[in-house]
Amino acid sequence: MRHFQALVQIDSSVGNETRVAEYVKKTLEADGIQVMMVAQDPARANIIARLKGNGSKRPLLIMGHSDVVRVDPAKWTTFGPFSAARQGGYVYGRGTLDDKSDLLATMMTMLMLKRQKTPLDRDVIFVSEAGEEGSTGPGIQYLVNQHWADIDAEFCLAEAGGVRLKDGQARYALVETTEKQPKAARLIAKGISGHGSRPLRTNAVVHLAKAVETIAAWDPPMRFNDTTRFYFEKMAAVSSPEDAARFKGLFDAQKAPAVREYLAEHDPINYSMLHTSISPNIIKGGYQVNVIPSEAEATLDIRALPDENIAAFYDMMRKVINDPAIELVPETTNQRPDAAPSKLDSDAYRAIEAAFKSIYNVITIPLMQTGATDMAFLRAKGVQCYGVGAMVDEEDGPKGFGPHSDQERILEAAVYKHVQFFWQAVNSIAGTKH
Ligand SMILES: [Zn+2]
């Protein structure tokens, strides 16, 4: 708890990760662990540390990210954003959930392995990673491109899953084994310009509006992968009877359309897991009230299923829009690498499942994130990555205390349990079996 509060008290919301790195370095070195501080940008340092195993198995990488999202201090009405104040069983502060709880649990695991001189079949590599929140350049991309030999591993455990708590009861644990691929495309409408007093059927704004409406209302083809099939089956087992019936209905061709319609309205996360999704998020067109513009443009956020043939999907979109005045232009900048899902039957997955069972007495459910994480860069290099996380009260996010919310807090009990979980999972993945 002392280390956790110290980490939360460091304001790393504006690229000050080096201050966190220095704390982590000092802490690990105090127990005799050798530490590399590596940085592309001196203010945004990463930490790499390694405990050697006997080399009979390939390394395990454990990591947490040291940056946090920005804060609006005026919104922190309970306690200050970097107070790490403890009250009513909670610890308050930016990063308590995302991601200093993982940073703490991975760091503590290194300390305990070292103190107990745990014999290891594989090296355990720890990374305190900069720039996860939207600036992968000095963080994961720098590590993968410039320090690959230092972090290359068979398995990786990082953020993105965790234990869900409701009415004081742990219900199930999620492990992220794959994620959707962020893509983007622009719809460009071209028409004839003219005087606003004489409306034209070719008006680019009108064509764009219709195309955006059509594509947003489209229900793209549904497809499961191993993770999502398993996810909906297992979610049915831990959900209310109504939700369970709906999740099961997804596997019934007769019932699926009505279920999807329900999810689209009431459960956008689960709905998005069923297909490649499209959200029109920027729209531009026109510049003066009496001028019919010759061009208008919309930018679409597209989240592709991991196995999507995106070129074919764009062709499908063009057919759905069905308007020669509209051109669909894929964005090619800032794309993440394609990566196959991590295995659901690996030693690491089974060890995670066993650790969740023993610490929380819950079942483990594999998850496909709809958002993107840094694990995409590691999976693309062949690392089997599993997103884990601490215990979170499902009702706390809607109250305004979730990750990236105006305020953020974690259950104190969740901090301790998460350290126990990591310790146990890492021991069973990397510890020498007698
Ligand atoms: Zn995070």
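Helix α1 passes helix α2 in a right-handed crossing, and that is a good place to start a walk through this predicted model. The axes of α1 (residues 2-9) and α2 (residues 17-30) come within 9 Å and cross at roughly 155°. Angles over 145 degrees count as roughly antiparallel, so α1 and α2 fall into that class. On the α1 side, the contact is made by Arg2, His3, Ala6 and Leu7, and on the α2 side by Val20, Tyr23, Val24 and Thr27.

Next comes the pairing of α2 with α3. These two helices pack at an angle of about 20°, their axes lying 10 Å apart. With the limit for roughly parallel set at angles under 35 degrees, α2 and α3 are therefore roughly parallel to each other. The crossing of α2 and α3 is right-handed. Here α2 brings Val20, Val24, Thr27 and Leu28 to the contact, while α3 offers Lys100, Leu103, Met107, Met110 and Leu111. Here are the two packings in table form.

| Helix pair | Angle between axes | Axis distance |
|---|---|---|
| α1 and α2 | roughly 155° | within 9 Å |
| α2 and α3 | about 20° | 10 Å |

How enclosed is α1? Of its 8 residues, 6 are buried, so the rest of the structure largely encloses this helix. The buried residues are His3, Phe4, Gln5, Ala6, Leu7 and Val8. Their cover includes α2, β4 (86-87), β5, α3, β19 (409-411) and α15 (412-430). Helix α8 (residues 241-249) can be described in the same way: its buried residues are Ala244, Phe247 and Gly249. Among the elements covering those α8 residues are α7 (226-238), α9 (256-266) and α10 (268-272).

Now to the metal. Which residues coordinate the zinc ion? The donors are His65 through NE2, Asp98 through OD, and Glu159, listed with OE twice, at 1.9 to 2.5 Å. The angles among the 4 donor atoms run from 55 to 150°, and the site is irregular. A tetrahedral label would need all angles between 85 and 135 degrees, so the range of 55 to 150° rules it out. Along the chain, the donors of the zinc ion follow the spacing H-x32-D-x60-E. His65 sits in strand β3 (residues 60-65) and Asp98 in the loop between β5 (90-92) and α3 (100-115), so this pair ties together parts that are 33 residues apart in sequence. His65 and Asp98 are both buried.

Two further residues are worth a visit. Val362 is found in the loop between α12 (347-360) and β16 (363-369). Is Val362 buried or exposed? Its relative accessibility is 4%, so Val362 counts as buried. Leaving aside residues up to four places away in sequence, Val362 touches Ala170, Arg171, Tyr172, Ala173, Phe356 and Lys357. Between Val362 and Ile47 there are 33 Å in space, C-alpha to C-alpha, and the two are 315 residues apart in sequence.

The other residue is Ser277, which lies in strand β12 (residues 277-285). With a relative accessible area of 16%, Ser277 is buried, since the cut-off for that class is under 20%. With residues up to four places away in sequence not counted, Ser277 touches Lys180, Ser272, Asp301, Ile302 and Arg303.

Methods: Residues numbered from 1 in each chain as written. Predicted model: local features only at pLDDT ≥ 70, side-chain atom pairs only at ≥ 80, totals over all residues. Heavy atoms only, no water. Donors = N, O, S within 2.8 Å, 3.2 Å for Na, K, Ca; no water. Tetrahedral: all angles 85-135°; square planar, octahedral: opposite > 155°, others 65-115°. Helix = DSSP H or I, 4+ residues; strand = E, 2+ residues; numbered from the N terminus. Buried < 20%, exposed > 50% of the residue type's maximum accessible area, 1.4 Å probe, protein only. Axes fitted to C-alpha atoms, helices over the stretch in contact; angles between N-to-C directions. Parallel < 35°, antiparallel > 145°, perpendicular 65-115°, else oblique. Left-handed = near helix turned anticlockwise from the far one by under 90°. Contact = heavy atoms within 4.5 Å.
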